Amino acid sequence: MVQALDPELQLNQYGQTHWGVDEQLPQVSVTAIVQDPVGYIWVGTQNGVTRFNGTQFVTFTKSNTPALSSNIITDLLIDSHDRLWVLSESGLMRATSYGFQSIAPSKFSGIKPNKLIEHNNQIYVSSSIGLFSIAEDKLSASPLSSESHALLSVNQSLYVGGRGRLSIVQDNGIEELNFPVGFNTAAVNDLKLVDDEVWVATTLGLLIYSNNKFEHAIFGGNLLKDNIRSLYHDKEGITWIAADTRMIRIKERSLLFDNESEDLHRVTTFLNGRENAFWLGTLDRGLYKLTDSWSARFHKPHGLGENLVWSVAANNDDDLFVGTQQGIFRYEEGRFENFVAAQRLSNPAAYTLYFDDNGFLWIGTKGGLAVVDGAGVDIEEIDPSPLSGLQVNAIYKDSSNNYWVATEKGIFIRKNETFVQLATNTPFENRSYRGVVEYEGIIYLATHQGLIKVEGEERLFTSVQQLSGSFVTSFKHYKSYLVIGTYGDGIYVLDNDVMTNITHKMGLIFDDSFSLSVLNNQLWVSGFDGVYSLNLDSLEEFVKGRRKNVLTTPVLKDSGYLQGSQKAYCCNGAGHAKSVVLGDSIWYPTRQGVLKLNPTKINRDFPIVSSVIERIGVSGQNYDLYFDDATKLDSQQFSFESRDINFKFVGLTSFDEGLINYRYRLNGYSSEWNENGSSTSAFFTNLPHGNYIFEVIASNRDGKWNPLPTQFEFEILPRVYETIAFKLLTAVLVCLFLYGFYQLILRRNKSKVAALEALILKKTDALLKSNRELASANERLTVHSHTDPLTGIHNRRYFVKQIESDISHYLRTACSVGSNSNIVFMLIDIDYFKSINDRHGHNTGDDVLKQVVGCLKKNIREGDYLIRWGGEEFLIALRPDHVTNVEQMCDRLLLSVKETSFQAINDEELKLTVSLGMCFYPIHKDVIKHWGWESFLDMADKALFKAKRDGRNRWVGYRLHSKSIKPLSDIEDTALEEADFKMLSSLVNR
């Protein structure tokens, strides 16, 4: 069942994703949104209709869809038979298994259609000259012949909004309802049924039709006179009113929110899709998706002076205070009010906050310390002399009522109303101190260089050996333990005198921490990558040696890849006042306001993701399976002569598309699943003839796999000499020949032995000739199987066969002279190649591929490999004796392609760029012993991915550190890329 968004949140507090023309949306004016039974989102725009799978748009316009009579789409509809209808400014079409079909094309001339609706199993179209129905793909006029816009089906009645009127069409006739005075020229934009009332959105405001009369809607004491573009009534009973200047939400005639988000004015259409994703189309800002979040963000629209928040704290009355670059703000009833202006502080940045037992607020700034009373009136600058200009990171009061202040240049303690610096004239004097805590009567200090212990009345400073050199960030008491957070070294737990370290290898999501909070028997850890929770029972069992790892759960992701999390910008800083628990929520300072995390909202019942095979490519021909549905068409249609086939697939979900992983296999070729990561394509080459079933499954954002694979059945046709008929015919001919030869022997007598021997000799010569011809054919077949049929260069099969013997040769050569040689792998991908196929056709794409091969050949030396790796991707392998000035060669390759004018089939000149990923493969016996060439080719692929991600038309390379030669199984994935490989310089886009 589809649920609505949480009505307690404002629009800017939902998870929000936006698409405009920069994100492939064909045009920013969205007119309609629907979701089909497969799960695709269809978006109507003023430049065609587009299908969205969560990551990519496929757009249909007049240029590629003959059934579409106009690119200006006015409405979309999924009917009760799960069919998609597309209404344009001058026609109607319907999606079928074979593509889009135009409906009554000659009948739409001059009627200017507006909206679509299904009423009593009949499709209706409103237009400038009246209402029309569709029956058996024919357009028929209804008795309503006046200007018609919005449509609403209620039981047996069809409501039609026109200009200055509302018509009710029923079987027994039409009832015309004229609008009140002042609305006689108002055009109806939308109609919705709300609590048995018909709400009418017009160009002059909102009318409500109830008890056989109209009333002008009044919410919050104000008449709603705006141009109302659209209405939506959700599952929570909330009515959304989209006007030109604001968005309003109403429940039971009461105003909930008004004028919430400037980005979401002029909303033209709504869709509450699957997985509780709420889609909105706007008049001029594109497409938006709103989703419920486990967290809510408060920033400038909620009263904060700026979005950058340094600190959070709560007083004894559980009032929330936050420190920003513009002073202190207090939170009340959903909004923040200024508590202490920045101008009243010696430094405007309130970096840390602390409330003492008397309710006074201590403010540690980036330039000193101040104290303000509970009303925010009286401010006292604390001893500006020793603390003046110092960034205050933490304020702490110990059991002896001593106040400790941790700064960027030393630790201070309050003595006789003034602060005195400790550990002077020692190695601990000017360290950067981040936090202070008391545990078992001992003061512990967090610093950038480790954990410091302060003991006795003489306050003796000593380093804690286990954390020597660690960046200590935060502390948290739990039962008899002291939990200590660090940057990069995980979490430490101090139990009396025993220190236990927990890292990523023992179950942590990541090893960094900004803050530690305890709530609901969980330790909540914030860091660079987001927030995760750690089960405290498992932590206690780990400390006691009863388990080998701790139980953790990702919650929020700021960056990186955390399965099972939600996207949120979090968090900020380390030290005290970097998180606070209030009631059932945790508040964090962030770079974009204050983040409120409510653990009770966390729902880990993620829907299973279904995969869709969108397209297959065979011999340069692409089949769009959305229309060529293999379950509806004769399976014989998917029989191919080509031995190379490419599959494009996607997992349809509304949440965190980047967290989907894929597995695929080709039954009939191999029963083993191939792990494909987040890649959405699979390529097979040189397949034997036979019947195959391609299967793909996807995992959701929590890593759970769909147990039911999506399948595609096809056949690779045998060549003539591989058919059973050919083999049977050959056998029959041989038998007939032998039988005739035997009969010939019987008929001849001994006097003709010489002639018979001559005949046998002749046949033997013919057989030898046939054998030689067969051997020649086999040799040509081998060459063909190792050659790319389009470009004429070698293919992947040839490279895999040849590289092993080459490496053995180079290894023997390198060992004999005692040197370390390198093979260099270069993966090259044509930037935006898909746009060439889409704009100029696949014939042009094929020609461009051959021209690019010619360009690449000019820039490599004889003896180096040039391989077509797949699609628009090529591999160059430089032999060791050619590996000189590789960086210059990379620059030359990129520049050569960029400066070449490529020719389309219509003689149009095209300009291309390529991206290049490179990795050096050392020909060294220790490397060969532990690592295969595939690992270094994978690093070249990672470099190519980074080049593409960083902007394309550049190269990125990696070189293995010689000191890092060790077995690949001993190296973590991150170490493989970051520690054991050195990144070479990348060509800036030029």
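# Close-up views of a predicted model

**View 1. An open sheet of four antiparallel strands.** In this predicted model, four strands make up an open sheet in the order 1-30-29-28, and their pairing is antiparallel. Strand 1, covering residues 15-19, and strand 28, covering residues 267-272, are the edge strands of this sheet, each of them pairing on one side only. On average, and with direction ignored, neighbouring strands of the sheet are turned by 20 degrees against each other. Strand 1 is joined to strand 30, which spans residues 287-291, by five bridges, and the two strands run antiparallel. One residue pair can be picked out here, since Q16 has L290 in strand 30 as its bridge partner.

**View 2. N276 in the loop between strand 28 and strand 29.** The loop shown here connects strand 28 with strand 29, the latter made of residues 277-282, and N276 lies within this loop. The phi angle of N276 is near 60 degrees, which is a positive value in a residue other than glycine. Is N276 buried or exposed? With a relative accessibility of 15%, N276 falls under the 20% limit and therefore counts as buried.

**View 3. A second open sheet, with strand 61 and strand 66 at its edges.** This view turns to an open sheet of four strands in the order 61-60-63-66, again with antiparallel pairing. The edge strands, which pair on one side only, are strand 61 and strand 66, the latter covering residues 681-684. Neighbouring strands of this sheet are turned against each other by 25 degrees on average, direction ignored.

**View 4. Strand 60 and its two partners.** Strand 60 runs over residues 610-618, and because seven of its nine residues are buried, this strand is largely enclosed by the rest of the structure. Seven bridges connect strand 60 to strand 63, residues 645-652, and the two strands run antiparallel. Along this pairing, S611 stands opposite G651 of strand 63, while R615 stands opposite K648 of strand 63. Strand 60 is also joined to strand 61, residues 621-624, by four bridges, and this pair runs antiparallel as well. Here I616 of strand 60 stands opposite Y623 in strand 61. Between strand 60 and strand 61 lies a hairpin connection of two residues, where S619 takes a positive phi near 55 degrees.

**View 5. T503 and the residues in contact with it.** T503 is found in the loop between strand 51, residues 498-502, and strand 52, residues 515-519. Which residues are in contact with T503 once its neighbours within four places in sequence are left aside? They are D489, G490, L508 and D511. T503 has a relative accessibility of 15%, and so it counts as buried.

**View 6. The cis peptide bond between C570 and C571.** The peptide bond that leads from C570 to C571 is cis, and its omega angle is near -10 degrees. C571 itself belongs to the loop between strand 56, residues 566-567, and strand 57, residues 580-582.

**View 7. F712 in strand 68.** F712 is part of strand 68, which covers residues 710-716. The relative accessible area of F712 is 2%, so this residue is buried. When F712 is viewed together with I928, the two are 216 residues apart in sequence and 40 Å apart in space, taken from C-alpha to C-alpha.

**View 8. Y832 in the loop before helix 6.** Y832 has its place in the loop between strand 70, residues 821-830, and helix 6, residues 833-840. Its phi angle is near 55 degrees, a positive value in a residue other than glycine. Y832 has a relative accessible area of 53%, which is over the 50% limit, and this residue is therefore exposed.

**View 9. The chain as the setting for the close-ups.** The secondary structure of the chain comprises 11 helices and 77 strands, and its C-alpha atoms fill a box of roughly 140 × 95 × 55 Å along the principal axes. Of the 990 residues in the chain, 52% are buried. Among contacts between residues at least 6 apart in sequence, 53% join residues that are at least 24 apart. The accessible surface of the chain amounts to about 45,500 Å², with 47% of this surface belonging to carbon and sulfur atoms. The chain holds 98 positive and 118 negative charges, and the mean positions of these two groups are 8 Å apart.

Methods
Residues are numbered from 1 along each chain as its sequence is written. This is a predicted model: local features need pLDDT of at least 70, side-chain atom pairs count only at pLDDT 80 or more; totals for chains, interfaces and linings use all residues. Side-chain values use heavy atoms; hydrogens and water are left out. Two strands pair if DSSP finds at least two bridges between them. Axes are lines fitted to C-alpha atoms, for helices over the stretch in contact, and angles run from 0 to 180 degrees between N-to-C directions. Buried means under 20% relative accessible area, exposed over 50%, partly exposed in between (1.4 Å probe, protein chains only). Contact means heavy atoms within 4.5 Å. Accessible areas come from the Shrake-Rupley method with a 1.4 Å probe; for residues, only the protein chains shown count as cover. Lys and Arg count as positive and Asp and Glu as negative; His and the chain ends are not counted. The place of a charge is taken as NZ of Lys, CZ of Arg, CG of Asp or CD of Glu.
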